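Visitor: I've got a structure open and I'd like to practise reading it. Could you walk me through it, feature by feature?

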Amino acid sequence: MNKIYRSTKVLFLGGLLFGLSVFFVSCKNDSNEGAEATAALEVKTSVVEKGDALVLKKYTASLEGRVNVEVRAQASGYIEKILVEEGSYVKKGQALILIDAQPYRIQLNNANASLKAAQAALVNAQLEKDKVQSLLDNKFVSPIQLKTAEAVLDNAKANVAQAQAAVAEAKLNLSYCTITAPVDGFLGRITKRVGNLVTAGEVEELTTMSDISQMYAYFSLTEADYFNLIKENGGSENVLKMPIELELSNGDKYPITGKVDVINGEFDAGTNSISVRAVFDNPERLLRNGGTGIVNLMATHRDVVQIPIAATADLQDKIFAYVVNKDNTVDQRQLKIIGKNLHTYFIEGGIEKGEVLAITGVNQLQDGMSVTALPSTTKNVGGNVSSNTAKASE
């Protein structure tokens, strides 16, 4: 019985000692973990600087030829012949479509016959007036007869003038039977075919023509972009002189630079934007009417804050950065961004020159958090070309 008691006592004391050792080890581990948790996060820092930056702003643009013409018939009749192909390039005055001219030739012949009759009547009236004048000089007739003869002569002259106008009108109507190109340019789709009846002044055009020796690129600026562009280029006259690049829809750069030639006189109340037109020479006729592109405007931001994109955090479509205070706590700042490039944001508000920016560990930081600030060997410099994209209003 005593052996059993002693064995039980030994087991109890051994278990107690083991439990105490586990407890002390556990307490030691918890203490170490707590110390590690309270250690301040190490972050590299950089002093915020300012500098000039070229900012590339992009705006979608619609392209139109310098002249766009809707070609319509001015004479009614059946189409007799189409002399050109759709999409071909034609010169001003070149014949495009022939309308049956026979009815208009008949009208011209009738007008010429009426003119000859009026001219003959004029000759007779002139002879009659001369005869009465001679008789009056010899006092064989009264003055009233001369006045009557003069009135007949004046009426004959008026008839001749009227007949001449009818001939001119008939010739003009006959000329309308040959539809010619009003400008140099490319033809659009021809909506009628040989044998179709056309009517003078009908709503649907026969075809369209575009003079694309120069192309207009229409795009829109927001009110803020407009005033910034004016300010950055030292006045509206300088904006009209600045070179503009055009990107084609396949991403290629158009080889010829253009310039702004027209800025609308007022802002659109609905979109709060202003329409702008840039002009591009098109000697190779690469650009076509109805196309689209992207207009690139180079703007210079003077003395602007520049910070690395890697030193920022995104939250609900807002951009934040962290400034390290003298007491090694961080302030979360929301940034007002006016442009960017591949690695740099250009900032208009939210952070100032000379402040210390946390550039590592940004995703682990919280407002008011204590950190261990380490200086960075990388200088915070921007100044590269940036990119802002805006849609043109329709």
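Guide: Happy to. Let's start with a cut-off we'll need: a residue is buried under 20% relative accessible area, exposed over 50%, and partly exposed in between. Keep in mind that this is a predicted model.

Visitor: Then where does Arg285 fall: buried, exposed or partly exposed?

Guide: Its relative accessible area is 34%, so Arg285 is partly exposed. You'll find Arg285 in the loop between β12 and β13.

Visitor: What about the backbone there? What is the phi of Arg285?

Guide: The general idea comes first: most residues other than glycine have a negative phi. Arg285 goes the other way, with a positive phi of about 55 degrees, although it is not a glycine. Gln316 is another case: not a glycine, yet its phi is positive, at about 50 degrees. Gln316 sits in the loop between β14 (312-315) and β15 (318-324). With a relative accessible area of 72%, Gln316 is exposed.

Visitor: Which glycine with a positive phi follows α4?

Guide: That's Gly234, whose phi is near 75 degrees.

Visitor: Let's step back. How many helices and strands does the protein have?

Guide: There are 5 helices and 21 strands. Of the 394 residues, 34% are buried. For the long-range picture, look at the contacts with a separation of 6 or more: 77% of them join residues 24 or more positions apart.

Visitor: Now helices. How do I read a pair like α2 and α3, and at what angle do their axes cross?

Guide: Angles over 145 degrees count as roughly antiparallel. The axes of α2 (residues 102-137) and α3 (residues 143-175) come within 8 Å and cross at roughly 165 degrees. So α2 is roughly antiparallel to α3. By class, their contact holds 22 nonpolar, 10 polar and 6 charged residues. As for handedness, the crossing of α2 and α3 is left-handed.

Visitor: And a single helix, say α4? Which of its residues are buried?

Guide: Start with the geometry: an α-helix has 3.6 residues a turn, so residues three or four places apart point the same way. In α4 (residues 223-232), the buried residues are Asp225, Tyr226, Leu229, Ile230 and Glu232. These buried residues of α4 pack against β2 (49-71), β9 (207-222), α5 (236-241), β11, β12 and β13 (292-308).

Visitor: On to sheets. In what order do the strands of the open sheet of 4 strands run?

Guide: Strands of a sheet pair through backbone hydrogen bonds, either parallel or antiparallel. Here the order is β6-β5-β3-β8, and the pairing is antiparallel. At the edges you have β6 (178-180) and β8 (197-198), each of which pairs on one side only. Further in, 3 bridges join β3 (residues 77-82) to β5 (residues 95-99). To find that pairing on screen, look for Ile79, whose bridge partner in β5 is Ile99.

Visitor: Ile179 is in β6. Is Ile179 buried or exposed?

Guide: Ile179 has a relative accessible area of 6%, so it counts as buried. Leaving out residues up to four places away in sequence, Ile179 touches Val71, Ala73, Gln94, Ala95, Leu96, Ile97, Ile99 and Leu206. Take Ala73 from that list: it is 106 residues from Ile179 along the chain, and their C-alpha atoms are separated by 7.1 Å.

Visitor: Which strands does β11 pair with?

Guide: With β10 and β12. β11 (residues 258-263) runs antiparallel to β10 (residues 243-248), joined by 2 bridges. It is also antiparallel to β12 (residues 273-281), this time with 4 bridges. Lys259 is a handy landmark: in β11, it is the bridge partner of Pro243, and it stands opposite Val279 in β12.

Visitor: And the residue after that, Val260, in β11? Buried or exposed?

Guide: Val260 is buried, at a relative accessible area of 4%. Beyond its neighbours within four places in sequence, its contacts are Val239, Leu240, Met242, Ile244, Val276, Arg277 and Ala278. Val276 lies 16 residues from Val260 along the chain, with 7.2 Å between their C-alpha atoms.

Technical notes
Residues are numbered from 1 along each chain as its sequence is written. This is a predicted model: local features need pLDDT of at least 70, side-chain atom pairs count only at pLDDT 80 or more; totals for chains, interfaces and linings use all residues. Side-chain values use heavy atoms; hydrogens and water are left out. Two strands pair if DSSP finds at least two bridges between them. Axes are lines fitted to C-alpha atoms, for helices over the stretch in contact, and angles run from 0 to 180 degrees between N-to-C directions. Angles under 35 degrees count as roughly parallel, over 145 as roughly antiparallel, 65 to 115 as roughly perpendicular and the rest as oblique. A crossing is left-handed if the near helix is turned anticlockwise from the far one by less than a right angle, and right-handed if clockwise. Ala, Val, Leu, Ile, Met, Phe, Trp, Tyr, Cys and Pro count as nonpolar, Asp, Glu, Lys and Arg as charged, and the others, Gly among them, as polar. Buried means under 20% relative accessible area, exposed over 50%, partly exposed in between (1.4 Å probe, protein chains only). Contact means heavy atoms within 4.5 Å.
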